[in-house]
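Have the model open and turn it around as you read. We'll start with strands, move out to the sheet and the helices, and finish with the chain as a whole.

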Amino acid sequence: PGPAWQRFATLRALLAAMYAHPGKKLLFMGGETAQEREWSEATPLDWSLLDSPAGGRHRQVQRLVTELNRLYRAEPALHALDTSPEGFAWIDGSDAEHSIVAVLRRSDRPDDVIAVVCNWQPLPQADYPIGVPVPGRWVELLNTDAAAYGGFGVGNAEGVEARSPGIDGYPYTLTVTIPPLGVLWLQPASTATPGSLETADQVR
């Protein structure tokens, strides 16, 4: 629902939330290009959307899906324990007032973690605290509001510091800016791979 920017932002957020969720993924045909009509086996996909006057937004969603696939394969925290309870932990699922959900994905290495923060309202949230298990600088691995994906660029481009005291049952607190109808993936800079940081810089 809503104007075009909200529809595209919601789709990008939904895709990033799905890829960060435990379990295997299902991307229905046409979803990777933000096809608006329902898919039918009787007709081809609407590839022409990519070359239409409004095709920029569709290409930006396609670019996001490409990056989601790359990160899902590259980051063990997103797949190594995909079917195990140890691969997932809640940060905060109770903030109904702001429609924000935060979870943690983990691999079998204690410091290999990704914090996933989802904002389901069309308003940004500044100075929002979340609990994390690792101190020091955290960086954006993915921001669905990046300009390269059709967003406004709201986020934490310089990274944020996790400091004591903690919150949400974790020993440290990150204070982040969350984009409207957006999803952030954050990880400790100490464990971020050079390829991940380079890609994150490019999409900003």
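**A walk through the fold**

Strand 2 and strand 3 (residues 113-119) pair in the antiparallel sense, with seven bridges between them. Strands here are DSSP runs of E with at least two residues, helices are runs of H or I with at least four, and both are numbered from the N terminus. Two strands pair if DSSP finds at least two bridges between them. One bridge to look for links arginine 106 to valine 113 in strand 3.

Before going on, a word on the ground rules. This is a predicted model, in which local features need pLDDT of at least 70 and side-chain atom pairs count only at pLDDT 80 or more, while totals for chains, interfaces and linings use all residues. Residues are numbered from 1 along each chain as its sequence is written, and side-chain values use heavy atoms, leaving out hydrogens and water.

Now look at strand 1 (residues 88-95), which runs antiparallel to strand 2 (residues 100-106) and is joined to strand 2 by five bridges. Alanine 89, for instance, has leucine 104 of strand 2 as its bridge partner. The hairpin of these two strands has four residues between them, and serine 99 takes a positive phi there, near 55 degrees.

Zoom out and you'll find an open sheet of six strands, paired antiparallel in the order 1-2-3-8-5-6. Strand 1 and strand 6 (160-162) are the edges, each pairing on one side only. From one strand to the next, the twist averages 25 degrees. Angles here run from 0 to 180 degrees between N-to-C directions, and axes are lines fitted to C-alpha atoms, for helices over the stretch in contact.

Helix 1 packs on this sheet, touching strand 2, strand 3, strand 5 (136-143) and strand 8 (182-188), and its direction makes about 40 degrees with that of strand 8. Helix 2 packs on the sheet too, touching strand 5 and strand 8, at about 130 degrees to the direction of strand 5.

How do the two helices sit against each other? Helix 1 (residues 4-20) and helix 2 pack at an angle of about 10 degrees, with their axes 10 Å apart. That makes the pair roughly parallel, a label for angles under 35 degrees (over 145 is roughly antiparallel, 65 to 115 roughly perpendicular, and the rest oblique). Among the residues making the contact are Phe8, Leu11 and Leu15 of helix 1 and Val61, Leu64 and Leu68 of helix 2. Contact means heavy atoms within 4.5 Å.

Valine 61, in helix 2 (residues 55-74), deserves a closer look. Is valine 61 buried or exposed? Valine 61 counts as buried because its relative accessibility is 0%; buried means under 20% relative accessible area, exposed over 50%, and partly exposed in between, using a 1.4 Å probe and protein chains only. Beyond its neighbours within four places in sequence, valine 61 is in contact with Phe8, Leu11, Arg12, Leu15, Gly31, Glu32 and Ala34. Glycine 31 is 30 residues away along the chain, yet the two C-alpha atoms are separated by 8.7 Å.

Finally, the whole chain: four helices and eight strands, in the pattern α-α-α-β-β-β-β-β-β-β-β-α. Buried residues make up 47% of the 204 residues. Of the contacts with a separation of 6 or more, 65% come from residues 24 or more positions apart. The C-alpha trace spans about 55 × 35 × 30 Å along its principal axes.
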